[in-house]
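Colleague: I would like to go through this structure with you, one question at a time. Please explain the reasoning behind each answer.

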Amino acid sequence: MTDTVQTAEKARVHEEKEADHHPYFRPRDAATLILVDRSGTTPKVLVGKRHDKVVFMPGKFVFPGGRVDKDDYRVPVAAPITSELETNLAKGSPKTPASRAKSLAIAAIREACEETGLCLGRKAEGKVARLEGAWKPFADAGLLPDPSSLFLIARAITPPGRVKRFDTRFFTADASAITHRVEGVIHADAELVELVWVELGSKPLADLHPMTRNVLNELDTRLATGPLRHDAPVPFFHFYGGKMQKDILS
């Protein structure tokens with residue numbers, strides 16, 4: 001058994017042994033952004049290495065992401081999300097309204113900028129809106145967040161019984177959509193201590209959370225067919241009867 005296979009098997013066993021005795025918690029909306037560099041022969045994705053002293057997944061490679069904030073919908077944008085992305089986000093039951101769809105896409109951009117210092121934005125025309133908190137780096141650079149380059153790759157819900165549950169939409173965007181870098185976000189005492197562009201299928205990605213590896217497999221399959229498209233099937237990973245199910249959103 002190769003090291004990569006052994007690592008994947010250990011991760012699978014760990015997932016099965018995760019505590020599942022907690023009361024039912026309703027999943028919270030969350031978003032993850034997977035940035036892709038296709039300039040070389042093999043596509044690369046951006047991962048960050050977590051600090052080895054954090055409580056959750058210490059020392060692991062992760063993608064930027066987190067919960068949707070209540071104010072994400074109110075943030076002004078340089079361009080709206082595409083109608084095709086809005087349609088994909090609305091799929092499933094119950095339907096996701098347009099305001100929630102925007103919040104999910106904006107949350108993915110915000111989390112990426114907060115955690116990696118890489119911002120997906122566009123120069124604002126005229127006076128830049130007053131943006132504070134996590135959005136201040138955009139205002140400082142004369143930018144507004146731009147979700148028009150995002151594609152939805154998958155949706156996944158944390159199994160029942162976990163102490164934290166998320167209804168996560170996994171987005172991807174090409175590295176060319178990065179328009180601003182905030183210096184000093186990555187350092188030895190930060191949540192993420194290192195950023196690395198890693199080839200799809202390489203060993204570091206085998207140690208990712210099993211669900212994240214499922215999403216990466218979907219991304220790899222889609223990239224193999226050419227440019228990303230909004231009309232590709234979007235998988236929905238969820239659990240029923242204690243087993244993971246994979247449906248296609250419709």
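Colleague: Is leucine 219 buried or exposed in this model?

Modeller: The model is a predicted one. A residue counts as buried when its relative accessible area is under 20%. The relative accessibility of leucine 219 is 0%, and therefore this residue is classed as buried.

Colleague: Which residues is leucine 219 in contact with, leaving aside its neighbours within four places in sequence?

Modeller: A contact requires heavy atoms within 4.5 Å. With the neighbours within four places in sequence left aside, leucine 219 has these partners: Ile34, Val36, Val45, Ile153, Thr172 and Leu228.

Colleague: How far apart in space are leucine 219 and leucine 200?

Modeller: In sequence, 19 residues separate leucine 219 from leucine 200. From C-alpha to C-alpha, their distance in space is 9.2 Å.

Colleague: In which helix is the place of leucine 219, and what span should that helix have?

Modeller: Leucine 219 lies in helix α5. This helix has 15 residues, 210-224, and the expected span follows from 1.5 Å a residue. The C-alpha atoms at its ends are 21 Å apart, which agrees with the expected span of 21 Å.

Colleague: Which glycine follows α5?

Modeller: The residue in question has a positive phi, near 125°. The glycine that follows α5 is glycine 226.

Colleague: What percentage of the residues of the protein count as buried?

Modeller: Helix α5 contributes several buried residues, including Val215, Leu216 and Leu223. The protein has 250 residues, and the share that counts as buried is 45%.

Notes:
Residues are numbered from 1 along each chain as its sequence is written. This is a predicted model: local features need pLDDT of at least 70, side-chain atom pairs count only at pLDDT 80 or more; totals for chains, interfaces and linings use all residues. Side-chain values use heavy atoms; hydrogens and water are left out. Helices (H or I, at least four residues) and strands (E, at least two) are DSSP runs, numbered from the N terminus. The expected span of a helix is 1.5 Å times one less than its number of residues. Buried means under 20% relative accessible area, exposed over 50%, partly exposed in between (1.4 Å probe, protein chains only).
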